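The following report examines a structure with attention to symmetry, sheet pairing, packing and backbone geometry. The sequence and the coordinates are displayed first.

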Protein chains: 2
Amino acid sequence: MKLKDLVFRTRSYRRFDESHLIDNKTLEDLVALARLSASGANRQPLKYLIYNTPVDCERLFPSLIWAAYLKEWCGPGHGERPTGYIVILGDKEIAEGFGVDHGITAQTIMLGATEKGLGGCMIASIMKDKLREDLNIPERFEILLVLALGKPVENVIVDEIKDGDVKYWRDEKGNHHVPKRPLNELIIKL
Amino acid sequence: MKLKDLVFRTRSYRRFDESHLIDNKTLEDLVALARLSASGANRQPLKYLIYNTPVDCERLFPSLIWAAYLKEWCGPGHGERPTGYIVILGDKEIAEGFGVDHGITAQTIMLGATEKGLGGCMIASIMKDKLREDLNIPERFEILLVLALGKPVENVIVDEIKDGDVKYWRDEKGNHHVPKRPLNELIIKL
């Protein structure tokens, strides 16, 4: 697939077919892509936790905060929840800060997920203390991002932004609309 | 190209064929990929400056700090310098912080560059005050990353890390070696 198509199809998905399980190998393959991505000063301070059993997914789910702009929606219900997670941690024994390493690897992983017919959402709104406790994450590791993955069951439509309003929204048919700024607003001339 | 190959080929390159020019359309296409990448709370606070003329490239080059681990090398000499740059800015009128948005879009752009037969380096070590002055960047914008681009003329070899030493190095033939941690060190079990 051309990268342009892959990037276009890598939307943030928040509802999944919960009957579609993700195997270990798939998640490991995605971390293998992250492994080969750039890292500030090549320090490679990121570590990854992978989860794909229903029991583990249930342990993780309650710590995640979903779709802040959708006020009437508290996140995916039973049957539509993610079936795999990759938790990105920063190893404080390797580096004090992690720059944008986790942005670099998260995007790589999400593009890889799309290629495998999956989709998901990078989640930074996390109840970190709760997640640390529920997953027994040692203090050595900073919790940076959770990537929620599954087989998407929602339709995401990219719109051009109107009146500067960046809020995504759902229409009456359940389509998820994401307003994006036009290219000529992003490339500035000085 | 499979994403795995694209990621593998997206190495950090620091020496280029300076006779290979990059046109505006190529740089705009790369920002168009960035446009469709995820952004925290969909705020899309990033702006992009693109440069591709020899005069502009000369204005930018002196503010960049190259390859800190190569103590005897001060960066690419004349004839081997980048022929295109994308400067990623954070628009402080849109957001106070930029999370890892620039990591997400930088990786997307670098993957796109590889697909187009180009390569380059994400540079965070920047003399920002100098760059701001030389390019007349208003205070409204935070300088986040510079992506240096060109047609690579160096060979980069990915090695498995030895004794935890993350420093990249050049062998006597000029090959650039990058030690990467093995996958089983990145995926941790709790």
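Helices, of at least four residues, and strands, of at least two, are taken as DSSP runs and numbered from the N terminus. In those terms, Asp163(B) is found in the loop between strand 5 (156-160) and strand 6 (169-170) of chain B. The model described here is predicted.

**Loop residues with positive phi**

Asp163(B) is not a glycine, yet its phi is positive, near 50°. The residue counts as exposed, at 83% relative accessibility. Asn136(B) likewise has a positive phi, of about 60°, although it is not a glycine. Asn136(B) sits in the loop between helix 5 (128-135) and strand 4 (141-150) of chain B, and with a relative accessible area of 56% it is exposed.

**Relation of the two chains**

A turn of 180° with a shift of 0.0 Å along the axis lays chain B on chain A with an RMSD of 0.0 Å. This is the relation of a two-fold axis. The same surface serves both copies, since 100% of the contact residues of chain B recur in chain A. Of the residues of chain B, Gly103(B) comes closest to the rotation axis, its C-alpha lying at 2.2 Å.

In the interface, 62 residues of chain B are in contact with 62 residues of chain A. The area buried between the two chains is about 5200 Å², and carbon and sulfur atoms give 64% of it. On the side of chain B, the residues that lose the most area to chain A are Leu3(B), Arg35(B) and Leu36(B), which together account for 14% of what that side buries.

Glu115(B) has contacts in both chains. This residue lies in helix 4 (residues 101-115) of chain B and is partly exposed, with a relative accessible area of 28%. Leaving aside residues up to four places away in sequence, Glu115(B) touches Lys2(A), Leu3(A) and Leu6(B). The C-alpha atom of Glu115(B) is separated by 10.0 Å from that of Asp5(B), although the two residues are 110 residues apart along the chain.

**Strand pairing in chain B**

Strand 4 of chain B pairs with two strands that are described here. Eight bridges join it to strand 2 (residues 84-91) of chain B, in antiparallel fashion. Strand 3 of chain B also pairs with strand 4 of chain B in the antiparallel sense, over five bridges. Strand 4 of chain B is mostly covered, with nine of its ten residues buried. Strand 3 (residues 119-123) of chain B has five of its five residues buried, so it is largely enclosed by the rest of the structure.

A separate description applies to the open sheet of three strands in chain B, which has the order 5-7-6 and mixed pairing. Strand 5 and strand 6 of chain B stand at its edges with a single partner strand each, so one side of each has no neighbour in the sheet. Strand 6 of chain B and strand 7 (residues 176-180) of chain B run antiparallel and are joined by two bridges.

Several opposed residues in these pairings are listed below.

| Residue | Opposite residue | Strand of the opposite residue |
|---|---|---|
| Tyr85(B) | Ala148(B) | strand 4 of chain B |
| Cys121(B) | Ala148(B) | strand 4 of chain B |
| Met122(B) | Leu147(B) | strand 4 of chain B |
| Trp169(B) | His177(B) | strand 7 of chain B |

**Nonpolar core**

In soluble globular proteins, nonpolar side chains tend to be buried together. The largest nonpolar core here has 65 residues, among which Tyr48(A), Ile86(A), Tyr48(B) and Ile86(B) touch the most other members. Beyond residues up to four places away in sequence, the contacts of Ile86(B) include Leu27(B), Leu30(B), Val31(B), Tyr48(B) and Ile109(B). Also touched by Ile86(B) are Leu145(B), Val146(B), Leu147(B) and Leu149(B).

**Cysteines**

How many disulfides does a search of the whole structure find? The search finds zero over all chains. Cys57(A) is in no disulfide, and its nearest cysteine sulfur, that of Cys121(A), is 15 Å away. A disulfide would require the two sulfur atoms to lie within 2.5 Å. Both cysteines are nevertheless enclosed: Cys57(A) is buried, with a relative accessible area of 7%, and Cys121(A) counts as buried at 5% relative accessibility.

Notes: Residues are numbered from 1 along each chain as its sequence is written. Chains are lettered from A and ligands numbered from 1 in the order in which they are written. This is a predicted model: local features need pLDDT of at least 70, side-chain atom pairs count only at pLDDT 80 or more; totals for chains, interfaces and linings use all residues. Side-chain values use heavy atoms; hydrogens and water are left out. Buried means under 20% relative accessible area, exposed over 50%, partly exposed in between (1.4 Å probe, protein chains only). Contact means heavy atoms within 4.5 Å. Copies are superposed by least squares on the C-alpha atoms of residues with pLDDT of at least 70 in both. A nonpolar core is a set of buried Ala, Val, Leu, Ile, Met, Phe, Trp, Tyr and Cys residues joined through side-chain atoms within 4.5 Å. Two strands pair if DSSP finds at least two bridges between them. Buried area is the accessible area (1.4 Å probe) that two parts lose on being put together, summed over both.
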